[in-house]
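Here's a short set of exercises to work through with the model open in your viewer. Try each task before reading its solution.

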Amino acid sequence: MNKPAFGHPDAYMGKAVSRYPQFFNKLAVDLPKGMDVLDMFGGVGLLARDMWDTLQPLTWTCLEADVSLKDKVVEPRVKFLHGDAFTTLLRADLYIIDPDRCTLNQIWKEQKWATLLNRLSDTGKHILMQEYGAYWCHLPNQIPLYEKLSGGERITRQTYPALFQRKMAERFDLKVLKSTQGLGSTYYLMEKV
Ligand SMILES: C[S@@+](CC[C@H](N)C(=O)[O-])C[C@H]1O[C@@H](n2cnc3c(N)ncnc32)[C@H](O)[C@@H]1O
């Protein structure tokens, strides 16, 4: 069998990194209960399982590109839907963006990210997102990319969330309300400005 890709549930379930829902929970504590949740990179429903008590959702849909994960879902209350986060027109009260790869640099380079975030900034009420740029931004090949994005500043893991916050507001009218870091990622709670 091929080794599962980085960020795929087959690679991280059972490992320490699967404790990352604690960071989403930290950001979600004050969100309203009873929402319709669209978990756009739904995987096996790990976030649903570990956030259910915090959010007490009305519905939770896991949209997932890999249909084989349907049989591996760990939270029976979710609705599993085979689909593509970048093209879906499904609506919700809370959107969760937990992709296998995403950095600020990719958001700027890849049109699909701009399309997705523009669509959510039209319709989104609450957005929870994980992304990985802070983990890589100190590497020699990444430094110039983030210096360019920031307008000349040297970005570090500590200053990366502030850059992310500024760029989300500038380009997508999305306001970062809270952020936190852990297990190599940065996690954000955002709302449309
Ligand atoms: C980091 S995992 C998310 C895990 C999920 N939050 C959970 O609780 O199990 C990323 C998932 O996104 C899926 N994925 C990748 N591209 C996708 C796309 N365009 N649309 C929907 N799902 C996608 C991958 O197959 C993978 O299961």
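**Exercise 1. Work out how much of the chain is buried, and how its overall dimensions look.**

Start with burial: 35% of the 193 residues of the chain count as buried. Here a residue is buried if 20 or more other C-beta atoms lie within 10 Å of its own, exposed if 12 or fewer, and partly exposed in between, with C-beta atoms placed from the backbone. Keep in mind that this is a predicted model, where local features need pLDDT of at least 70, side-chain atom pairs count only at pLDDT 80 or more, and totals for chains, interfaces and linings use all residues. Residue numbers start from 1 along each chain as its sequence is written.

Next, the dimensions. Along the principal axes, the C-alpha atoms of the chain fill a box of roughly 50 × 40 × 30 Å. The radius of gyration of the chain is 16 Å, which agrees with the value near 16 Å for a compact globule of 193 residues. That radius is taken over C-alpha atoms, and the globule rule is 2.2 Å times the number of residues to the power 0.38.

Then the building blocks: the chain has eight helices and seven strands. Helices (H or I, at least four residues) and strands (E, at least two) are DSSP runs, numbered from the N terminus.

Last, contacts. Among those between residues at least 6 apart in sequence, 60% join residues at least 24 apart. Two residues are in contact if their C-beta atoms, placed from the backbone, lie within 7 Å.

**Exercise 2. Describe the shell around the ligand.**

Count first: 21 residues surround the ligand, and the closest are Phe41, Gly43, Leu46, Ala65 and Ala85. The cut-off is a C-beta atom, placed from the backbone, within 6 Å of the molecule.

Now sort the shell by type: eleven residues are nonpolar, five polar and five charged. In this scheme Ala, Val, Leu, Ile, Met, Phe, Trp, Tyr, Cys and Pro count as nonpolar, Asp, Glu, Lys and Arg as charged, and the others, Gly among them, as polar.

Finally, look for the elements involved: α3 (46-55) and β2 (59-64) each supply at least two residues of the shell.

**Exercise 3. Which residues of α5 are buried, and which are exposed?**

Check the geometry. Helix α5 runs over residues 111-123, and its 13 residues reach 19 Å from first C-alpha to last, close to the 18 Å expected at 1.5 Å a residue. (The expected span is 1.5 Å times one less than the number of residues.)

Pick out the inside: Trp113, Leu116, Leu117 and Leu120 are buried. Seen down the axis of α5, these buried residues fall within an arc of 90 degrees, so they line one face of the helix. The arc is that of the directions from the helix axis to the C-beta atoms.

On the other side of α5, Gln111, Thr115, Asp122 and Thr123 are exposed.

So what's the cover? The buried residues of α5 are covered by elements including β4 (94-97), α4 (104-109), β5 (126-131), α8 (160-172) and β6 (174-182).

**Exercise 4. Do the same for α7.**

In α7 (residues 143-150), the buried residues are Leu145, Tyr146 and Leu149. They fall within an arc of 90 degrees seen down the axis of α7, so they line one face of the helix. Pro144 and Lys148 are exposed on the other side. The partners for the buried residues of α7 are α4 and α8. Just after the helix, Gly151 takes a positive phi of about 80 degrees.

**Exercise 5. Look at two residues with positive phi.**

The background: most residues other than glycine have a negative phi.

Gln56, in the loop between α3 and β2, has a phi near 40 degrees. It is exposed, with 12 other C-beta atoms within 10 Å.

Asp173, in the loop between α8 and β6, has a phi near 55 degrees. With 14 C-beta neighbours inside 10 Å, Asp173 counts as partly exposed.

**Exercise 6. Trace the surroundings of Thr103 and His126.**

Thr103 lies in the loop between β4 and α4, and counts as buried with 22 C-beta neighbours inside 10 Å. Leaving out residues up to four places away in sequence, Thr103 touches Glu131, Tyr132, Gly133 and Trp136. Thr103 and Trp136 are 33 residues apart in sequence but 8.8 Å apart in space, C-alpha to C-alpha.

His126 lies in strand β5 and is buried, with 21 other C-beta atoms within 10 Å. With the same exclusion of residues up to four places away, His126 touches Leu31, Asp93, Leu94 and Glu191.
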